Amino acid sequence: ERGYVPAEDVTDAKKREEASEKHRQYTLGELDASQHEFAVCRGRLLEAEAQRSELRREVAAQKRQTDEWWEWHKAQLPAYCGRLDELRQAEAATAALR
């Protein structure tokens, strides 16, 4: 059965429907803006992660060079100590001859 609906109720229902549609459109706009902002932030994050990886590679390379430098110098220490002992002995001999 179909009943009578007052014109005022129909008008109110149309207004509510229009308001709902406006709210839906606004919400869709907000969602789109949020998704765009997310994409921008995600891009920045990926860029920052790439930079961090590059910096880590650079730091590792510098550490490797430093470690190699130290290892080379540590390997030279016995020879340096030997030469220093020889120099001290030579100085002591020279001082004794004076």
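I began with Tyr80 and found this residue in helix α1, which covers residues 7-97. I note here that the model is a predicted one.

**Tyr80 and its patch**

I looked up the exposure of Tyr80: the relative accessible area is 35%, so the residue is partly exposed. I then checked which residues join Tyr80 in a nonpolar surface patch. Trp72 and Leu77 are the partners, and the three together make a patch of about 310 Å².

**Salt bridges**

I counted the salt bridges next, and the total is 4. I went through three pairs.

I took Glu54 and Arg57 to start with. Their side chains form a salt bridge, with 3.0 Å from N to O. Both residues sit in helix α1, and 3 residues, about one turn of the helix, separate them. I also looked up Glu54 on its own: with a relative accessible area of 35%, Glu54 is partly exposed.

I went on to Asp67, whose side chain meets that of Lys63 in a salt bridge, again with an N to O distance of 3.0 Å. Asp67 and Lys63 belong to helix α1 and are 4 residues apart, about one turn of the helix. For Asp67 I noted a relative accessible area of 35%, which puts the residue in the partly exposed class.

The last pair I entered is Lys74 with Glu71. The closest N and O atoms of this salt bridge are 3.1 Å apart. Helix α1 holds both residues, with a spacing of 3 residues, about one turn of the helix. I checked exposure on each side of the bridge. Lys74 has a relative accessible area of 45% and is partly exposed. Glu71, at 46% relative accessibility, also counts as partly exposed.

**Cysteines**

I asked how many disulfides the structure holds. The number is 0. For my own record, a disulfide is a covalent bond that links the sulfur atoms of two cysteines.

I still wanted the exposure of two cysteines. Are Cys41 and Cys81 buried, exposed or partly exposed? Buried would need a relative accessible area under 20% and exposed one over 50%. Cys41 has 37%, so I entered Cys41 as partly exposed. Cys81 comes to 43% relative accessibility, so I entered Cys81 as partly exposed too.

**Summary of the entries**

I have one nonpolar patch written down, made by Trp72, Leu77 and Tyr80. I have a count of 4 salt bridges, among them Glu54 with Arg57, Asp67 with Lys63 and Lys74 with Glu71. I have 0 disulfides.

Note on methods
Residues numbered from 1 in each chain as written. Predicted model: local features only at pLDDT ≥ 70, side-chain atom pairs only at ≥ 80, totals over all residues. Heavy atoms only, no water. Patch = residues over 30% accessible without salt bridge, like charges linked within 9 Å, V, L, I, M, F, W, Y side chains within 5 Å. Areas by Shrake-Rupley, 256 points an atom, 1.4 Å probe, with all protein chains shown as cover. Helix = DSSP H or I, 4+ residues; strand = E, 2+ residues; numbered from the N terminus. Buried < 20%, exposed > 50% of the residue type's maximum accessible area, 1.4 Å probe, protein only. Disulfide = S-S within 2.5 Å.
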